[in-house]
Amino acid sequence: REAVAENALDGDPHRTGALDVLAQHIMGLACGEPFGLNALYTEICSAGPYADLSWEDFEDVVEFVSTGGYALKTYDQFRRIVKGQDGRWRVRNGHIALRHRLNVGAIVGPETLNIRLLAGRRAGRKIGEAEEGYLEQLEIGDTFIFAGQVWRFHGVTGADALVTPAPNTDPKMPSWGGSKFALSTYLARRVRAMIADEQSWRRLPEDVCEWLQAQKLRSLIPAMDDLLVETFPRHRRFFLCCYSFEGRLAHTTLAMLLTRRLERAGVGPVGFVASDYAVAIWAARPMDALDLDALFQQDMLGDDLESWLEESVMMKRAFKNCALISGLIERRFAGHEKSGRQVTFSSDLIYDVLRRHQPDHLLLRCARADTAQGLLDIGRLGDLLARIRGRIRPSHLDRVS
């Protein structure tokens with residue numbers, strides 16, 4: 001309400017134009033009339049999101065629409081536009097133009113995966129369905145709750161997530177926030193400022209004010225740009241709670257990377273939960289003696305992030321969306337539509353080929369950018385790690401605050 005009164009609105013963050021969307025646009029233009037590269041490049045750069053588009057990236061997109069890229073150029077199905085003797089580019093034939101019109105669009109709906117029991121090495125009985133976003137956060141061997149039971153995750157094959165029962169195990173991921181919007185950076189900053197300023201507490205509801213007073217008495221209240229990290233035992237477990245107020249997406253990524261570091265430190269992390277406001281990790285051993293400055297080093301966005309992405313199915317799912325938007329994979333044909341399983345099988349096959357033979361392929365770059373910006377909120381997590389450097393405030397407690 002104070003932000004509205006001050007006319008301090010969230011605004012619309014600047015977005016860099018996606019290259020898979022640009023590929024679809026170029027294909028659409030070719031279906032209309034032939035175009036020249038120089039004039040088209042000038043026109044595209046006149047749009048704000050593409051103002052900084054390099055000529056090299058532009059040429060890569062045209063090459064991709066023309067041949068599918070270096071690793072795919074021997075396959076005739078990926079040749080969609082051709083260069084005429086007049087030097088202008090046009091659609092290869094009317095059939096390809098029709099296929100493009102049937103598949104045009106930049107919105108890819110969320111998919112669900114079948115959850116099936118692992119029977120030997122094959123997918124067995126289906127026990128339900130879940131959002132891809134939930135399962136792509138997991139690594140092989142992780143446990144999670146589904147249909148009131150705990151299951152162990154063994155990976156994704158096509159459109160099937162393979163699991164086995166883990167009845168006597170605590171779930172690493174006990175809950176799923178779904179596809180809710182994360183807390184905005186602007187709102188988060190105001191919340192941190194409000195908590196840090198005791199004078200502002202009087203304007204809050206009485207029960208909230210009492211809660212903050214209790215927090216101050218039991219633990220501590222962090223300054224606006226500090227990070228409060230509490231450790232305490234509870235129910236034969238040992239907890240580490242970080243109150244970072246950076247939104248659910250950044251917090252889920254932070255929790256995944258922290259658990260990897262805690263495993264290497266021999267702490268034995270058991271599970272975590274991430275909300276818009278905080279991250280809680282529980283482990284088998286106490287975490288009071290941890291070097292928190294080392295634990296929250298920005299280098300976790302290097303090798304730790306890379307190795308996690310290698311093990312998760314997140315990149316494959318992002319690649320599938322980019323492949324659909326760019327037109328590399330077509331879902332609809334005249335009188336026919338591919339099933340989700342068929343689309344996933346096609347995209348996974350192409351993904352594996354490109355990873356092996358052309359790791360710098362345009363769509364792999366698009367998938368990495370989409371993952372960093374959307375699914376992981378890497379930019380915001382990086383800002384958090386930079387902000388709290390040297391400003392971590394530990395609070396070692398004998399019980400929950």
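**Hairpin of β3 and β4.** I started at the turn: the hairpin of β3 and β4 has two residues between its strands, and glycine 120 there takes a positive phi near 70°. I kept in mind that this is a predicted model. Next I looked up how the two strands pair: strand β3, residues 112-119, and β4 run in the antiparallel sense, with seven bridges. Close to the turn in numbering, I noted that alanine 119 stands opposite arginine 122 in β4.

**The other partner of β3.** I then followed β3 to strand β7, residues 160-165. Four bridges join them, and this time the strands run parallel. For a landmark in the viewer I picked leucine 117, which stands opposite valine 163 in β7.

**The sheet around them.** In what order do the strands of this open sheet come? I read off β4-β3-β7-β6-β5, five strands with mixed pairing. β4 (122-131) and β5 (143-146) are at the edges; each has a single partner strand, so one side of each has no neighbour in the sheet. From one strand to the next I get an average twist of 45°.

**At the β5 edge.** I checked what holds β5 on: four bridges to strand β6, residues 149-157, running antiparallel. Within that pair, isoleucine 145 has valine 150 of β6 as its bridge partner.

**Second sheet.** I found another open sheet of five strands, in the order β10-β11-β9-β8-β14, again with mixed pairing. Its edge strands are β10 (269-274) and β14 (392-396), and each of these pairs on one side only. Here the twist averages 15° from one strand to the next.

I looked at the β14 edge and saw that strand β8, residues 227-234, is joined to β14 by five bridges, in parallel. Threonine 231 is the residue I marked there; it stands opposite histidine 396 in β14.

**Helix on the second sheet.** Which strands does helix α9 touch? I traced α9 (residues 248-264) packing on the sheet, with contacts to β9 (237-243), β10 and β11 (279-283). The direction of α9 makes about 165° with that of β10.

**Serine 244.** I stopped at serine 244, in the loop between β9 and α9. Buried or exposed? With a relative accessible area of 2%, serine 244 is buried, because the cut-off for buried is under 20%. I listed what serine 244 touches, leaving out residues up to four places away in sequence: Arg192, Leu227, His251, Tyr277, Leu384 and Arg387.

**Whole chain.** I zoomed out last. The protein chain has 15 helices and 14 strands, and its C-alpha trace spans about 80 × 60 × 35 Å along the principal axes. There are 401 residues, of which 45% count as buried. I looked up how far apart in sequence the contacting residues are: of the contacts with a separation of 6 or more, 64% are between residues 24 or more positions apart.

For the surface I noted an accessible area of about 20900 Å², with 52% of this belonging to carbon and sulfur atoms. I also noted the charges: 51 positive and 53 negative side chains, with the centres of the two sets 5 Å apart.

Technical notes
Residues are numbered from 1 along each chain as its sequence is written. Side-chain values use heavy atoms; hydrogens and water are left out. Buried means under 20% relative accessible area, exposed over 50%, partly exposed in between (1.4 Å probe, protein chains only). Contact means heavy atoms within 4.5 Å. Accessible areas come from the Shrake-Rupley method with a 1.4 Å probe; for residues, only the protein chains shown count as cover. Lys and Arg count as positive and Asp and Glu as negative; His and the chain ends are not counted. The place of a charge is taken as NZ of Lys, CZ of Arg, CG of Asp or CD of Glu. Two strands pair if DSSP finds at least two bridges between them. Axes are lines fitted to C-alpha atoms, for helices over the stretch in contact, and angles run from 0 to 180 degrees between N-to-C directions.
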